[in-house]
Amino acid sequence: MNAQTQPEFAIETRVVVKTYPSDFGDIQAVDGVSLQVRPGEFVALVGPSGSGKTTMLSILAALLKPTAGEIYLDGQNMHELSENDLVTLRREKIGFTFQANNLVPYLTAVENVELMLRLNDKLDKAGKLRARELLARLGLGERLNNLTGQLSGGQQQRVAIARALIHNPSLVLADEPTASLDTERAYQVVETFAGLIHEQQRAGIMVTHDLRMCEFVDRVLQMRDGKLVKEYTDKASIMKMVRGRAND
Amino acid sequence: MKQVMEISAFLAFKEIWRNRGRFLLVALVIALITLLVLFIAALGEGLGNGNREYLSKLDAQLIAFQSKSDYLIGASRLDRDRLASIARVQGVADAGMLGASSANLILPGQEEPLKVALLGVEPGHAGEPPVVQGRQLGTKLSNEVIIDRNTALRSGLALGDTLEMRVTQGTRDEYYKLRVVGISGGQQYSLQPSIFVPFFTWDKVRPKSEAEINSSDPIANIILIKLDDPAQADVVRQRILSQVNNIEVATISETIQALPGYSAQQSTLNTQGGFTLFIGLLVIGGFFQIQILQKVAQIGVLKAIGTTNKVVAATFIIQIFMITVIGVLIGSLLTFLFSLTFPPTIPIVFNGTTSAIAIVALLLIGPLGGLVSIRYAVRIEPLKALGLSS
Ligand SMILES: Nc1ncnc2c1ncn2[C@@H]1O[C@H](COP(=O)(O)OP(=O)(O)O)[C@@H](O)[C@H]1O
Ligand SMILES: [Mg+2]
């Protein structure tokens, strides 16, 4: 197998460590995390508050440099890239949805999605059409020209999902996409998200504290105190974990 | 680079357009500041002009004063012997005496007399203003007068009219009548409209102290010197100083700077203008800084999804520039409309150069005021998008 030309994993980390200095000694926010995600695989990163999920996501997003360890995106070692290259990497290879303030408020839904193509200098007729089709698939066909303020939280998250996918990134990162949604909408959003990730063969990683959302993912990685402590790799064990928690 | 500008312009326009109320408000504040700055500049120009107009329009390059008079026209006394000596100096094309005083014009049908500058000049020599209507002064001792445009406007006097003038000589009020033979362009002196009479007539009709009434020798204040070659001013100045006793020689601009109150007034108005610009700087700086504080998360998201700092900075610069330009345009237009409503007697003069300098300064305060915000925007970390900071 040739990892150089045809990496098996869209994203791979090797023993990533992130240490924050503090007055009470160093905090190991991420403590030796190794993970791999294949194209077309949707993974949930779960764990209690303070377990290091957001820190790990920031490192995967090339927004934060790890204290130690390596990250490969499409086989490229991020450590070897300059600050400018990392900006380009985020723009071309990564799609994002954030917990809040996802969208540019002075752009319409479709303009927000097109922005990703614009930034990559790839906004052509075909791109514009794809942006509209994608939004329509996410149930926003009637909302294309609405400003962010005129959309509900769920609609905003769906626009963000479209923006995260429109430029065909290798990796899609979602930070608590359901945090501001009611249960029914949360299910809808994550289900659509999972569908698109599978269909378009992206590697998806979603940070969530809502274990019920794991119903739609292929694998669950559980963190505690900066470490990966448990992994659920098959649908049956995931569903068991979800039900077990939901019944608590 | 082209792509940076395209994206920045797109983001800048969209944001301004979708928040046009807010941006328009700031543009209006800039417009008001523009109005204020342009008016202060025009007032400075108008007042300065009212002080120096006659001097700055002179067809002469040097002015001779009595020595130790500190270039003050009112403090200088020169007699005709000096005129002859100066006229003989090589490089001097022409020299004329100037006597400066003031008088009250008695206007039929008006209670208040019109205070004017009464200037004695030598017909046909440096100091006599060119007329735009009628003719120049005739003989040396005629009872003729040239009035400037401002006097004509305020008094209603026309060519051929007889002007009546009241002056105090010793302890008595004397009345003199002079015939208006010419009207010159604006020639204000000491913030007053001016009238010009032949020098010897001036010496007869000017306000005098008791002592002066009995002296027969006509005394002027200063002597205006026109040179063969204005570029030789320094050389000729030295030559005059070495050949004529008890005088000092100034250029026109030195004389203007020494006019009583002139420099103080100009610097006061310049300070006011500068201060207004500074307030504008703070307003624009404050507005964009507040804006950016509200947009930290938003800018963080833009950077997280791969927007470069160049684009973020360029977007701000375009916005600041647009708002400033729109504000200055509106302000200039308002200033123009207002200026149409002013009567000519108000000392407000829109001078092209002064207004241009003010407008350039106004256009610069936007980018300057926004500098801090741009720096701040560039420094926002994309991690803010995740609610984290490093
Ligand atoms: N910028 C920071 N400086 C210092 N400590 C931090 C910083 N960010 C996070 N931490 C600490 O790192 C640990 C993991 O935080 P985080 O990644 O936010 O966890 P989670 O997202 O799972 O709640 C926590 O103990 C948190 O207090
Ligand atoms: Mg978190």
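Helices and strands are here DSSP runs, with at least four residues for a helix and at least two for a strand, numbered from the N terminus. On that basis, residues 273-290 of chain B in this predicted model are 100% helix and 0% strand. The C-alpha atoms at the two ends of this span are 26 Å apart.

The span 273-290 is one of those that UniProt, in an unreviewed entry, gives as a "transmembrane region" of chain B. The other ranges in the record are residues 21-43, 311-336 and 356-378. Residues 311-336 of chain B are likewise 100% helix and 0% strand, and their end C-alpha atoms are 37 Å apart. UniProt also lists, again in an unreviewed entry, the feature "domain: ABC3 transporter permease C-terminal" at residues 274-382 of chain B. That stretch is 83% helix and 0% strand, with 39 Å between its end C-alpha atoms.

Pockets were examined next. The largest pocket has a volume of about 780 Å³ and a lining of 39 residues. Nearest its centre lie Glu83(A), Asn84(A), Leu86(A), Val87(A) and Arg90(A). Two or more lining residues come from each of four elements: in chain A, strand E4 (68-73) and helix H2 (83-93), and in chain B, helix H1 (2-18) and helix H11 (309-340). The largest share belongs to H2(A), which gives seven residues to the lining. By residue class, the lining of the largest pocket consists of 19 nonpolar, 12 polar and eight charged residues.

The second largest pocket holds about 380 Å³ of space. Of the 21 residues in its lining, Pro344(B), Ile346(B), Pro347(B), Ile348(B) and Val349(B) are the closest to the centre. At least two lining residues are supplied by each of helix H2 (20-56) and helix H4 (149-155) of chain B. H4(B) contributes the most, with four residues. The lining of the second largest pocket also draws on two domains of chain B, taking at least three residues from domain 1 (2-51 + 263-386) and at least three from domain 2 (68-245). In this lining, 10 residues are nonpolar, seven are polar and four are charged.

How values were computed: Residues numbered from 1 in each chain as written. Chains lettered and ligands numbered in written order. Predicted model: local features only at pLDDT ≥ 70, side-chain atom pairs only at ≥ 80, totals over all residues. Heavy atoms only, no water. 1 Å grid on protein atoms, 1.4 Å probe; cavity = no way out; pocket = protein on both sides within 12 Å on 5 of 7 lines; lining within 4 Å. Points joined across faces, edges and corners; volume = space filled by probe spheres on them. Nonpolar A, V, L, I, M, F, W, Y, C, P; charged D, E, K, R; others polar. Domains from an automatic or database assignment. UniProt positions renumbered as here; feature names shortened; annotations may be inferred.
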